[in-house]
Amino acid sequence: MEKVELEFVCFMRGGSGSFSTNLFNTIFSSDTENLKKLSLGFPNEVEVVNRYRNEEGYWQELLKKLD
């Protein structure tokens, strides 16, 4: 599991730090244009959220990686 994926799982479970929490909340609430801007500075984080939103089974895949 990549570091950003672990950070995302911690965020989804309510256990991430304030920076990660704010970053993922911002990504989740951003429109397409602002997502493009965020991806310039945080490409991995935006990719993880996009995969979570659009790729069936991605969340389950992340949880399996924790085992």
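**Exercise 1. Find which residues of helix H5 are buried, and work out how they are arranged around the helix.**

Step 1. Begin with the burial values: in this predicted model, the buried residues of H5 are Tyr-58, Trp-59 and Leu-62.

Step 2. Now look down the axis of H5. The buried residues fall within an arc of 105 degrees, so they line one face of the helix.

Step 3. Then see what this face meets. The buried residues of H5 pack against H1 and H4.

**Exercise 2. Decide what kind of aromatic pair Phe-8 and Trp-59 form, and say where each ring sits in the chain.**

Step 1. A pair of aromatic rings is described by the distance of the centres and the angle of the planes. For Phe-8 and Trp-59, the centres are 6.1 Å apart and the planes meet at 85 degrees.

Step 2. An angle over 60 degrees counts as edge-to-face, and the Phe-8 and Trp-59 pair is accordingly edge-to-face.

Step 3. Place the two rings. Phe-8 belongs to helix H1 (residues 3-12) and Trp-59 to helix H5 (residues 58-66); with their positions 51 residues apart, the pair links distant parts of the chain.

Step 4. Check burial. Phe-8 has a relative accessible area of 0%, so this residue is buried.

Step 5. Trp-59 has another partner, Tyr-52. Their ring centres are 5.8 Å apart and their planes stand at 85 degrees, so this pair is edge-to-face. Tyr-52 counts as partly exposed because its relative accessibility is 30%.

Step 6. Widen the view. The structure holds 10 aromatic pairs, and one aromatic cluster is formed by Phe-8, Phe-11, Phe-24, Phe-28, Tyr-52 and Trp-59.

**Exercise 3. Test whether the length of helix H4 agrees with its number of residues, then find its buried side.**

Step 1. Helix H4 (residues 43-54) has 12 residues, which should span 16 Å at 1.5 Å a residue. The end C-alpha atoms are 16 Å apart, so the two values agree.

Step 2. List the buried residues of H4: Glu-45, Val-46, Val-48 and Val-49. These residues cover an arc of only 160 degrees around the axis, so they are on the same side of H4.

Step 3. Ask what covers them. The cover includes H1, helix H2 (18-29), helix H3 (32-41) and H5.

**Exercise 4. Describe the largest nonpolar core and say which helices supply it.**

Step 1. In soluble globular proteins, nonpolar side chains tend to be buried together. Here the largest nonpolar core has 15 residues.

Step 2. Pick out the residues with the most contacts inside this core: Phe-8, Phe-24, Ile-27 and Leu-62.

Step 3. Trace the suppliers. At least two residues of the core come from each of H1, H2, H3, H4 and H5, and H1 gives the largest share, 4 residues.

Step 4. Zoom in on Ile-27. Leaving aside neighbours within four places in sequence, Ile-27 is in contact with Leu-35, Leu-38, Glu-45, Val-46, Val-49 and Arg-53.

**Exercise 5. Compare the surroundings of Glu-5 and Val-9 in helix H1.**

Step 1. Glu-5 is found in helix H1. With a relative accessible area of 4%, below the 20% limit, Glu-5 is buried.

Step 2. Look for a polar partner. The side chain of Glu-5 makes a polar contact with the side chain of Tyr-58, at 3.1 Å.

Step 3. Gather the other contacts. Beyond neighbours within four places in sequence, Glu-5 is in contact with Val-48, Arg-51, Tyr-58, Leu-62 and Lys-65.

Step 4. Follow one of these residues. Arg-51 is found in helix H4 and is partly exposed, with a relative accessible area of 24%. Setting aside neighbours within four places in sequence, Arg-51 is in contact with Glu-5, Tyr-58 and Glu-61.

Step 5. Turn to Val-9, which is found in helix H1. Val-9 counts as buried, at 2% relative accessibility. Leaving aside neighbours within four places in sequence, Val-9 is in contact with Met-1, Trp-59, Leu-62 and Leu-66.

Definitions and conventions:
Residues are numbered from 1 along each chain as its sequence is written. This is a predicted model: local features need pLDDT of at least 70, side-chain atom pairs count only at pLDDT 80 or more; totals for chains, interfaces and linings use all residues. Side-chain values use heavy atoms; hydrogens and water are left out. Rings of Phe, Tyr and Trp (its six-membered ring) pair if their centres lie within 6.5 Å; planes under 30 degrees apart count as stacked, over 60 as edge-to-face and the rest as tilted. Buried means under 20% relative accessible area, exposed over 50%, partly exposed in between (1.4 Å probe, protein chains only). The expected span of a helix is 1.5 Å times one less than its number of residues. The arc is that of the directions from the helix axis to the C-beta atoms. Contact means heavy atoms within 4.5 Å. A nonpolar core is a set of buried Ala, Val, Leu, Ile, Met, Phe, Trp, Tyr and Cys residues joined through side-chain atoms within 4.5 Å. A polar contact is a pair of N or O atoms within 3.5 Å; within protein, one must be able to donate a hydrogen and the other to accept it, and residues adjacent in sequence count only if both atoms are side-chain atoms.
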